Amino acid sequence: LLVSKDLGKHLLEVEDLLQKHGLLEADISAQTERVQALNAAALKFSELEGYQPCDPQIICNRVNHVQTCLEELEELAAKRRKELEDSRQLWTFFQEMEEAEAWIREKEKILAAKTCGRDLSSVLTLTTKHKTMLGELGNRRALLHQTMKKGEKILAKKSFSSVGIQEKMREVCLRWKKLEEITGLHQQRLEDALNFFQFSAETDDLVAWLQDTYRIVSSDDFGHDDYSTQALLRKHRAVVEEVEKHRAAVLSLRKQLALLAPDHRQGVDVQIRVVEVEQLYGEVAEVAVLRTQWLQDALAVYRMFSEVHACEVWVDEKEQWLEKMEVPEELDEVEVVQHRWVGVGRGGAGRRGPACRGGAARVRPLRFESLDQEMNSVMGRILDVNQVVQQLVEGGHPSSDEVRSCQEHLNSRWNRVVELVENKKGQLSSVLKIQNFLLEC
């Protein structure tokens, strides 16, 4: 048993041989104690004086021979254990290498079957799984490194043929290197897919925002009065600022597209998508500019209507006052009324036919003050209204007809007031001349 050359053909067999050898060593150890006791007893016969049943030298030689055989047996047992331990190290190395190869084959199949996902969510899930596998790869790399060191130690002992060990180490190293290359390529594909789907998601978000913004800037709501139009204009200016902020994002789309992997950036769909975004942004920006002008025109119209209303209120009041006013016949009363009309004759002729400009002041009722000053002020406001109307008409405002009609109505009423003033002024002058003539006579 101790000189057997059978060192096992696999790890389990070596473990079995080691277990049997342990029993044999235990038996040798037990027999050693008996042999030691027998040798001690035999040596006592060689030390007897007088009658000696056997030659003492024969007894000593016999004891030495048994001791020598026992020592040789122990040496053979130790040698056998060392050979079996070396064999166990060898087959442990081969088993660990087989396990490493099996793990590599499993990961190769997984990586060969893996896709890069169909959307952002699936790519993120695959990326998480790939990071987990990279952690496993790092742990397995450390174990493989330890196994390689064991193989180098076995080669250094030169207890076994180095051909099989070196071939196995070289084969596993090549497969491991290939696995790392495949893992790196798969990680790169995942990163490329992640960049592409993130680019697509950002593009979709940008398109959705532009579509919502287009619906806002293309609204036909321009307000119904001065206040509501100003509120819409303030909101629209905020939208225009947001549109301008998104300009950089739209302009950077082509740069981002150029950074994608060739398989992704050369796709027809993604290139068409970028062009659509650029066109949509251009339409939004253009319509936003138009809406700004439309709101400003609407605001100008409503302000003009407000000014026209204020002027017409003043005109209504003055028409009623002038039509109800009776020219007195007494000199004292004529002089009082005349005092209220100082300067009317100097400015009356120039108040016909206003042309342009606008204002926004409230007319105060004329009572015991110079009418000339009020008429000059109102005339300035009417001129401003005419100028605004002229600008709106020349700009092709959609409400040009309504604005022109309002202008003509206001000018007509203003001319009517001027005629009433001229008539009253003429009546007062005639009465004053008659009274002066009577006084002189």
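Let me begin with a definition: a residue is called buried when its relative accessible area is under 20%, exposed when that area is over 50%, and partly exposed in between, with a 1.4 Å probe and protein chains only. By that criterion Cys406, at 17% relative accessibility, counts as buried.

Before going further, I should state the basis of what follows. This is a predicted model, in which local features need pLDDT of at least 70 and side-chain atom pairs count only at pLDDT 80 or more, while totals for chains, interfaces and linings use all residues. Residues are numbered from 1 along each chain as its sequence is written, and side-chain values use heavy atoms, with hydrogens and water left out.

I turn to confidence. pLDDT is the predictor's confidence in each residue, on a scale from 0 to 100. Its mean over the protein is 78, and 82% of the residues reach 70 or more. Among the elements, helix α5 (residues 226-245) has the highest mean pLDDT, 91, and helix α11 (residues 344-347) the lowest, 35. Over residues 342-369 pLDDT stays under 50, and for this stretch the model has 79 contacts beyond four places in sequence; a contact means heavy atoms within 4.5 Å. Where pLDDT is low, the predicted coordinates should not be read in detail.

Next, the overall architecture. The protein has 13 helices and 0 strands; helices (H or I, at least four residues) and strands (E, at least two) are DSSP runs, numbered from the N terminus. Of its 441 residues, 34% count as buried. The exposed surface is about 27,200 Å², of which carbon and sulfur atoms supply 53%; these areas come from the Shrake-Rupley method with a 1.4 Å probe, and for residues only the protein chains shown count as cover. Among contacts with a separation of 6 or more, 82% join residues 24 or more positions apart.

I now come to the aromatic residues. How many aromatic pairs does a search of the whole structure find? The search finds 6, where rings of Phe, Tyr and Trp (its six-membered ring) pair if their centres lie within 6.5 Å, and planes under 30 degrees apart count as stacked, over 60 as edge-to-face and the rest as tilted. One of them is the stacked pair of Trp103 and Trp176, at 6.0 Å centre to centre with 25° between the planes. Trp103 belongs to helix α2 (residues 56-113) and Trp176 to helix α4 (residues 162-217), so this pair ties together parts that are 73 residues apart in sequence. Both partners are buried: Trp103 has a relative accessible area of 12%, and Trp176 has 7%. Another pair, Phe196 with Phe197, is edge-to-face, at 5.2 Å centre to centre and 65° between the planes. Phe196 is buried at 18%, and Phe197 is buried at 16%.

Trp91, Phe93 and Phe94 form one aromatic cluster. Phe94 lies in helix α2 and is buried, at 17% relative accessibility. Beyond its neighbours within four places in sequence, Phe94 is in contact with Gly164, Ile165 and Lys168. Phe94 and Met169 are 75 residues apart in sequence, yet 9.4 Å apart in space from C-alpha to C-alpha.

Helix α4 contains two further residues that I wish to discuss. Thr183 has its place there and is buried at 2% relative accessibility. Where does the side chain of Thr183 reach a backbone oxygen? The partner is Leu179, at 2.7 Å. Setting aside neighbours within four places, Thr183 is in contact with Leu111, His130, Met133, Leu134 and Leu137.

His186 is also found in helix α4, and at 1% relative accessibility it counts as buried. With the neighbours within four places in sequence left aside, the contacts of His186 are Leu111, Lys114, Thr115 and His130. Leu111 and His130 therefore appear in the contact lists of Thr183 and of His186.

Finally, the cysteines. A search of the whole structure finds 0 disulfides, a disulfide being a pair of cysteine sulfur atoms within 2.5 Å. Why does Cys311 form no bond with the closest cysteine sulfur? That sulfur, in Cys406, is 9.8 Å from the sulfur of Cys311, which is too far for a bond. Cys311 is buried, at 1% relative accessibility.

Technical notes
Polar contact = N/O pair within 3.5 Å; in protein donor to acceptor, adjacent residues only side chain to side chain.
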